[in-house]
Amino acid sequence: MATMKDVAREAGVSTSTVSHVINNNRFVSEAIRDKVNAAIDQLNYAPSALARSLKLNQTRTIGMLLTASSNPFYSEVVLGVERSCYERGYSLILCNTDGDEERMNRSIETLLQKRVDGLIMMCTENHCPSQDALNRYPSLPIVMMDWSPFDGANDIIQDNALIGGKMATQYLIDQGYTRIACITGPLDKTTAQQRLAGFRQAMHEANLDILPGYEVSGDFEFAGGLSAMQQLLALAAPPDAVFASNDAMAVGVYQAVYQQGLSIPGDIAVMGYDDIQLAQYMTPPLTTIHQPKDELGELAIDTLLHRLQAPDTEAQVLSLTPELIIRGSVDKSSR
């Protein structure tokens, strides 16, 4: 593989001149520039990104650690992060640990050894990253998405899940539903706790009882929604509306309702959360709480780049406002 020295030798110039031509950061006469470019073409020379990153002490690469699963929400967030990186001239290295704690900590080490300029993490409470590994790189800017295990140490971008859970439940109440159940996410996750708290708050303020068995713990996965809805339908008095704490579980809810020969919203109304792309193509289209996933990714990247420029500023907690998306899965008039 040709080096810059090979190009300089072929063109009969210094390596610094070759560097000025490649980076276009200093005047070089057209005649010399043509000779250097001819040598580059002849030798099929490609500048070394590694050498450049060592010289500039930056790689223009962002690492992202994802401890999630098959839930489409996460892939849509990653798409927004990658798009924002590209638009700002950065590359993204993605590591998906699939809930394996050892794999997660190995991935952290890999990203840090690759000298990423910053790190974005979507971790969960039951799979926390190793503080020891992160402590070895104290100057590395880190943005946590959804939740942070290290109080005050990093910038955090999150959904206002309490408001979103209350908004979802309030809409069901406003449509005249009274026997409302909630399929929660795993309650060791802060977002699941907050969405459940929003559900309870809306029910309490409307003076509606949460009937026995109407809160079922799910796992934020398709199968978890199916299993939880089967439990609700087996009750002596099944609910007339269900708030599934994310859209993946709402898909499972649809399957359980279909298996019982029931209809949505004729027999039971369904409310989701996240507004994944699939939601609008379900039958009927899913009423849900929209999380601005593109904005979530963009805000994470911009926060990280700001931290690179101003490393000593105080850590921030930034919350995005959820939005109600009304579709066909909630309709009291169809009963």
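Glycine 176 is partly exposed in this predicted model, with a relative accessible area of 36%. That value lies between the two cut-offs, since buried means under 20% and exposed means over 50%. Along the chain, glycine 176 belongs to the loop that links α8 (161–174) with β6 (180–184). A residue far along the sequence can still turn up in its surroundings: alanine 241 is 65 residues away in sequence, yet the two C-alpha atoms are 9.9 Å apart.

Stepping back to the whole protein chain, one finds 12 helices and 12 strands. The chain has 335 residues, of which 48% count as buried. Contacts that bridge long stretches of sequence are well represented here: when residues at least 6 apart in sequence are considered, 72% of their contacts join residues at least 24 apart.

What lies in the interior? In soluble globular proteins, nonpolar side chains tend to be buried together. In this model, the largest nonpolar core has 46 residues. Within this core, the residues with the most contacts are Ile120, Met122, Met145, Ile183 and Met229. A second core, separate from the largest one, contains 20 residues, including Tyr171, Ile173, Phe199 and Ala269. Returning to methionine 122, its contacts beyond the neighbours within four places in sequence are with Met64, Leu65, Leu66, Thr67, Phe73, Tyr74, Val77, Met145 and Asp146. Among these partners, Met145 is also one of the residues with the most contacts inside the largest core.

The helices at the start of the chain offer a good place to look at packing. Two packed helices are described by the angle between their axes and the distance between the axes. For α1 and α3, the axes come within 9 Å and cross at roughly 125°. The two helices are therefore oblique to each other, and their crossing is right-handed. On the α1 side, the residues that meet α3 are Asp6, Val7, Glu10 and Ala11. Their partners in α3 are Lys35, Val36, Ala39, Ile40, Gln42 and Leu43. Sorted by character, the residues of this contact comprise six nonpolar, one polar and three charged.

Helix α2 (residues 15–23) completes this part of the picture. Its buried residues are Thr17, Val18, Ser19, His20 and Val21. Which helices help to cover them? The cover includes α1 (4–11) and α3 (30–43), the pair whose crossing was described above. After α2 comes asparagine 24, which has a positive phi, near 50°.

Definitions and conventions
Residues are numbered from 1 along each chain as its sequence is written. This is a predicted model: local features need pLDDT of at least 70, side-chain atom pairs count only at pLDDT 80 or more; totals for chains, interfaces and linings use all residues. Side-chain values use heavy atoms; hydrogens and water are left out. Buried means under 20% relative accessible area, exposed over 50%, partly exposed in between (1.4 Å probe, protein chains only). Helices (H or I, at least four residues) and strands (E, at least two) are DSSP runs, numbered from the N terminus. Contact means heavy atoms within 4.5 Å. A nonpolar core is a set of buried Ala, Val, Leu, Ile, Met, Phe, Trp, Tyr and Cys residues joined through side-chain atoms within 4.5 Å. Axes are lines fitted to C-alpha atoms, for helices over the stretch in contact, and angles run from 0 to 180 degrees between N-to-C directions. Angles under 35 degrees count as roughly parallel, over 145 as roughly antiparallel, 65 to 115 as roughly perpendicular and the rest as oblique. A crossing is left-handed if the near helix is turned anticlockwise from the far one by less than a right angle, and right-handed if clockwise. Ala, Val, Leu, Ile, Met, Phe, Trp, Tyr, Cys and Pro count as nonpolar, Asp, Glu, Lys and Arg as charged, and the others, Gly among them, as polar.
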